[in-house]
Each structure stands twice: as C-alpha cells, then as structure tokens.
Amino acid sequence: MGDNMGIEDIRKEIDRIDAEMAELFVRRMKASERIAEYKAQNGAPVFDKEREKRIIENGCRRVPEQIETYYREFISGVIGLSKDLQKSLIALDSDDAVYCPAGRYNIYAGEGTVERHIAEFDLARRVLILTEDGVPGAYPREIADYVTQSGGIPFTFCLDGGEICKNIGSVSDIVTFMLENSFSRNDCLVSVGGGSVSDIAGLVSSVYMRGIDYYLIPTTLLAQIDASVGGKNGVNSDGVKNVIGTFSSPLGVIADRKYLDTLTQCEISCGAAELIKIAAVLDAELFEEFDGTVTDRQIRRAVELKVDVVNCDFRDRTLRRVLNFGHTLGHGIEITSGYGHGQAVALGMLAMSDGTARERISEKIRLFGLPETGIFDTEKVMNAVMHDKKGTGEKTSCITCPEIGSFAFAEYGAAELSERLKSVLNEA
Ligand SMILES: NC(=O)c1ccc[n+]([C@@H]2O[C@H](COP(=O)([O-])OP(=O)(O)OC[C@H]3O[C@@H](n4cnc5c(N)ncnc54)[C@H](O)[C@@H]3O)[C@@H](O)[C@H]2O)c1
C-alpha cells in the first residue's frame, strides 16, 4: 500500500480508517457502559489495574516497535476515557455520587459513604495518609485499616496544627518523609482532615515526582462542600494566603457525614456560612431548606452546585468568582478582627446584599448561630480590603446577591464599599 498512491488517495484511506475507528470507539464505549451497569449492580471494584496492564501489553505486541510508544499512549487514553465514562454512569446510578467532569472523578457525599465507596480507591500500594493533630485519630486509623485490607501499606504523617501548617516547610517535611519511606510515582496520598490538610495534600501530590495520585477524605463541613471540590490547592507564604499552589484534581473524594459529628459548633457554622453562600447566589430551593441542621441532601446539592461552577471555569478566571460572595469584605474582617472565617463571611454576605435578599440571608445566618452585625475597626478592614488599590481610585470587583438564587458582578470604589461595611457594624 502507499507508494503509488497520490495524496488524495492517502487522505481517502485515512478517512476510511477514521470512520472505522469511530465505529470501534462507539462499540468500546458501549461495552464500557455495560461494565458500568454490571459494576453498579454487583458492587465490584471499579477498576482492575492488572487487567489494564494486560490490555496495554497485549496491544503493544501487535504493533511495530517504532510506533509502540504512540500506541501505548493511544490505548492508555482510550482506557482512561472508558474509566471516565464508567465513573460518570456509576455516579448517575448512585444516590451518593456527584461526577466532576472537570477533573473526571466522583465525589461521594453522605452518611456511610466511606464504607460504601472506599473500595473504589486504588489503595493497593504505598499510601501516605496525611492528617493533622486536631482531627480525631480514629479517622486516619480507620483509613489505614482499609489500606491494609486492600493489600496496600499505610504510612501516616500527622501535621502539627491546621492552617498554621499551610506553608512550604510542611510541603518539604512531607516530601522528606515520602522519600525516606520510598514512595514512588505509582504510590498515592490520602488526605484525612479539613481544608488545611486537603490544600497541602493537593499541592504535595501535584509536585512530588512531578505528580502522584491523591484522594480526599474531608472531615469538616467546609472541606466537604467547598475545599475538596474543584482541584485548587495551596499553601501560604509571606502572609499571603494560597500564594503557592496549583490546579490539580484528586482521583476521588469521599465526604462522609459521620466525620462531622465531632466538629465544634463553631466549625459547623463556619461550613454553614459557605452553604448559605452557595445557595444564596445559585439555588433558591436549597436556600429555602435551611433550618439550622445540615443534611446529606444539602451537602450533596452544594457539591453539585460547586461542581457546575468549576466545570464552567476550572482555572478561576470568570464564573468561579461567584463563589467569592461575602468574601471580599469577609476576608478583610477575618484578618483584622477576632472573627472566624464563617462569621466574617456571614457579615460579608449581608454587607453585599440588599432588601429582601438581605433579610432572608439574615434569617438563615441566625439559624446557624452566625452574627448579623460585628465589632471591628472599619478603617483597618478597608485598608486590608483595598491593600493594593489604596489611593489609585481603582475599583474592587465584588459579587452581590440581588435576590435569593441569583448573583451580579459589581465594581465598588472605596467609599461605596466602606458604606456597605458600615451597614454590618455593631455600633452599640
Ligand atoms: N482549595 C479550595 O478550593 C478551598 C476552598 C475553601 C477553603 N479552602 C481552605 O480550607 C481551609 C479551611 O478549611 P477548614 O475550615 O476545614 O479548616 P481546618 O482544616 O483548619 O479545620 C478546622 C478545625 O477543625 C478541626 N477538625 C477537622 N476535622 C475535624 C473533625 N472531624 N472533628 C473535629 N475537629 C476537626 C481541625 O483540627 C481544625 O482545628 C483554609 O486554609 C482555606 O484556605 C480551600
């Protein structure tokens, strides 16, 4: 074939091959669909690594040596797509799962999800369980037992504190520990903790030997609905939050509600502020449901909403900014006063909403024990909010909530923002 063919003939030949490949691709994906159905019904492990290896090696034997590398990449890609399809179908079929197309992984949320879904994590290897000393020790120990049962070898690295450990020193300590314990590129990391731990875990996994697999088991409400969704990670440096970080998605997330039982009321309301935030700007129906307790459905719905936003804007350039509702002023209040993150965000949301929307956000904030007014130094907060814009006249972009379930992008100068801030100041 080939030598006597003109360019047009060769192109026709390629068109025929592509048409055949499209048909074969459809057949392969349909077979994957049937496997997903089987797996959903029989609860078998989702993927069989040994079988995957055999498929690749068998295929490689059929192709000439000079194109073997290309074939390996091609068939690995096809297997990856089959797995993605299976994950999304299993998620459709499951009450627990939300499929995240941007990173192609499932987030399982709700009571009992660890027990039901941990078998889907590939733990038959060296597994670094990253946690911190504020997380009850029983949680990482339970995950270590699952690793052992899967035929893997668990190692636990316990950080000494949460947010204060979000620095490059911790990243370096973890890397040293992994090297000392012979972690290779094929091993993985599992985070068991709140957003501080998952942010560090995501960063370490994305840089250790240029990237290894990782899974998240979030144990705070905030981490379950927010920090473990969307593939952002980071550590703080030079007083700037998350300034060293990457975008990198986990292979899976399990947000089991049982972990929330040991949280303090303060930590619950911190997560609740984010729950109110996402519903206030994106889902009036979810917003209506809030009565001061957090249900599996609410957590799952909040995860779905964040997944939808992240899908539209994985790299945080446009729509993802909507998740900053309440955070511009909230962050200023948090860093200049004694308020925690959730309390500060609650005040920030109220300041950025008006009329009926504001009244209704107030009602929900009250139900979760969050403040409707605060005591802070307006000037200090404004300095923190406008830090790099002082005196330039440049405006700050903010998100407002004109009515529940909707949002608007707005640009405010210092004077307007200051007025809004004063509207939540307790002057008593
Ligand atoms: N990557 C993202 O997209 C994203 C989004 C939002 C927030 N974040 C980050 O998340 C962090 C905040 O997360 P957080 O609120 O989970 O804070 P955290 O991880 O510091 O945890 C808060 C406190 O709860 C304790 N804790 C954790 N799990 C517990 C449990 N089950 N029972 C009892 N105590 C428990 C911790 O020890 C800590 O004292 C911040 O660093 C923030 O920057 C990241």
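This passage describes the sheet, the helices that lie across it and the salt bridges of a predicted model.

The natural place to begin is the open sheet, which is built from seven strands. Reading across it, the strand order is β1-β2-β9-β6-β5-β3-β4, and the pairing is mixed. The two edges are formed by β1 (97-100) and β4 (153-159), each of which pairs on one side only. From one strand to the next, the twist averages 15°.

The β1 edge rewards a closer look. Its partner is β2 (residues 105-109); the two strands run antiparallel and are joined by four bridges. Within this pair, C100 stands opposite Y105 of β2. The hairpin made by β1 and β2 has four residues between the strands, and R104 there takes a positive phi near 55°. In a regular strand, side chains alternate between the two faces of the sheet. In β1, both faces are covered: A97 and Y99 are buried on one side, while V98 and C100 are buried on the other. Helix α3 (residues 68-93) lies across β1 and β2, and its direction makes an angle of about 145° with β1.

Towards the other edge strand, a second helix comes into view. Helix α5 (residues 138-149) lies across four strands, namely β3 (126-132), β4, β5 (188-193) and β6 (213-218). Relative to β3, helix α5 runs at about 175°.

Another antiparallel pair is formed by β7 (residues 235-237) and β8 (residues 240-244), which are joined by two bridges. Here S237 stands opposite V240 of β8. Two residues lie between the strands of this hairpin, and D238 takes a positive phi near 50°.

Strand β8 also leads into the salt bridges, of which the model has 26. One of them brings together the side chains of E163 and K241, with an N to O distance of 2.9 Å. This pair links distant parts of the chain, since E163 sits in the loop between β4 and α6 (168-180) and K241 in strand β8, 78 residues apart. How buried or exposed are the two partners? E163 has a relative accessibility of 37% and so counts as partly exposed. K241, with a relative accessible area of 41%, is likewise partly exposed.

Further along the chain, E288 forms a salt bridge with R360, and their closest N and O atoms are 2.0 Å apart. The connection is between two helices: E288 belongs to α10 (residues 284-289) and R360 to α14 (residues 355-367), with 72 residues separating the partners. E288 is partly exposed at a relative accessible area of 45%, and R360 is partly exposed at 23%.

A salt bridge also joins the side chains of D354 and R420, at 3.0 Å from N to O. Because D354 lies in the loop between α13 (341-351) and α14, and R420 in helix α16 (residues 414-422), this pair ties together parts that are 66 residues apart in sequence. The partners fall on opposite sides of the 20% limit for burial: D354 is partly exposed at 44% relative accessibility, whereas R420 counts as buried at 16%. Elsewhere, salt bridges that share partners join D226, E274, K277 and K306 into one network.

How values were computed. Residues are numbered from 1 along each chain as its sequence is written. This is a predicted model: local features need pLDDT of at least 70, side-chain atom pairs count only at pLDDT 80 or more; totals for chains, interfaces and linings use all residues. Side-chain values use heavy atoms; hydrogens and water are left out. Two strands pair if DSSP finds at least two bridges between them. Axes are lines fitted to C-alpha atoms, for helices over the stretch in contact, and angles run from 0 to 180 degrees between N-to-C directions. Contact means heavy atoms within 4.5 Å. Buried means under 20% relative accessible area, exposed over 50%, partly exposed in between (1.4 Å probe, protein chains only). A salt bridge is a side-chain nitrogen of Lys or Arg within 4 Å of a carboxyl oxygen of Asp or Glu.
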